[in-house]
Amino acid sequence: MLNVKELLRSHTSVRKYTGEEIPKEKIIDLIQTAQMAASSHFVQAYSVILVTDEEKKQKLGELSKNEFQFQTAGAALLFCVDFKRLEVAGKKHGVDITVDTAENVLVGVADVAIFAQNFVVAAESEGYGICYIGGARNNPKEISELFNLPEHVFPLFAMTIGKPTKRNETKPRLPVEAVLHENEYDAEKYDELLDEYDAIMENYYASRSSNQKVSNWTKQMADFLSEQRRPFIKEFLASKGFTWK
């Protein structure tokens, strides 16, 4: 059993699992643990769908463009921002709640992310591996229809979980000096620090046990952010009742 810091420092994404099914009772236990996460004003603006229907699981993999890992996962989950439950809470008191604001989108995204990370830490503490799947946002309309997500609910990401076939090397993160600023923001340090980090990542990619490649972090980020991704998201959110007032 790792201590908490060792556990957090050992995280890696897992994309191939043994296929061993995870009992529903175990998933419920992990979700109950995750629910103890902090929540903005205690709104708890999240819901999670456990996908046990094999056809829906396969379709979720296809729509997320991540079919491979769903095939061997012990369980598949869809994490959603959820203001529908809050809408019902308001109606119990004759109040029409305000949903369609940028602030509420941020609140919901933060709540789901914190909740999901609690789930991940709990799962990894019991020997499971996980992978966040942001690809669920590749086809959010179709995924919403697949799981009957109502207005004021939208998918943020999916997740696979299971027993890993192997543990990958931990990927080096940015040096702490690059993310920690004291008293004021300092952008002047980035040129030097990012050169150092690129050298670390080049060595990591060239020497890791699988999928070796020649690359570094700044090149990957430049390629990734050089064009707009998922430009349909704003329109999709508006269709779910979030119009960014």
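Me: What makes Tyr17 and Phe119 count as being in contact with Ile161?

Reply: In this predicted model, contact requires heavy atoms within 4.5 Å. Outside its neighbours within four places in sequence, Ile161 is in contact with Tyr17, Ile22, Ile27, Leu30, Ala73, Gly74, Ala75, Phe119, Ala123, Tyr128, Gly129 and Ile130.

Me: Which residues have the most contacts inside the largest nonpolar core?

Reply: They are Ile27, Phe79, Phe119 and Ile161, in a core of 31 residues. Two or more residues each come from helix 2 (24-34), strand 2 (75-82), helix 6 (102-125), strand 4 (153-162) and helix 11 (233-239). Helix 6 gives the largest share, 8 residues.

Me: Why is another set of residues called a core apart from this one?

Reply: A nonpolar core is a set of buried residues joined through side-chain atoms within 4.5 Å. The other core lies apart from the largest one and has 14 residues, including Phe70, Ala136, Phe147 and Val153. In soluble globular proteins, nonpolar side chains tend to be buried together.

Me: How do you know that Cys80 is in no disulfide?

Reply: A disulfide needs two cysteine sulfur atoms within 2.5 Å. The cysteine sulfur nearest to Cys80 belongs to Cys131 and is 17 Å away. Cys131 is likewise in no disulfide, with the sulfur of Cys80 as its nearest, 17 Å away. The count by this rule is 0 disulfides.

Me: Why is Cys80 called buried?

Reply: Buried means under 20% relative accessible area. Cys80 has a relative accessible area of 1%, so Cys80 is buried. Cys131 has 2% relative accessibility, so Cys131 also counts as buried.

Me: What makes strand 1 and strand 3 the edges of the sheet?

Reply: The open sheet has 4 strands in the order 1-2-4-3, with antiparallel pairing. Strand 1 (46-50) and strand 3 (129-133) each have a single partner strand, so one side of each is left without a neighbour in the sheet. Direction ignored, neighbouring strands are turned by 25° against each other on average.

Me: How do you know that strand 3 and strand 4 pair?

Reply: Pairing requires at least two bridges between two strands. Strand 3 and strand 4 have 5 bridges, in the antiparallel sense, and therefore they meet the rule of at least two. Gly129 stands opposite Gly162 in strand 4.

Me: Which strands does helix 5 touch where it packs on the sheet?

Reply: Helix 5 (residues 84-91) touches strand 1, strand 2 and strand 4. The direction of helix 5 makes about 45° with that of strand 2.

Definitions and conventions
Residues are numbered from 1 along each chain as its sequence is written. This is a predicted model: local features need pLDDT of at least 70, side-chain atom pairs count only at pLDDT 80 or more; totals for chains, interfaces and linings use all residues. Side-chain values use heavy atoms; hydrogens and water are left out. Buried means under 20% relative accessible area, exposed over 50%, partly exposed in between (1.4 Å probe, protein chains only). Axes are lines fitted to C-alpha atoms, for helices over the stretch in contact, and angles run from 0 to 180 degrees between N-to-C directions.
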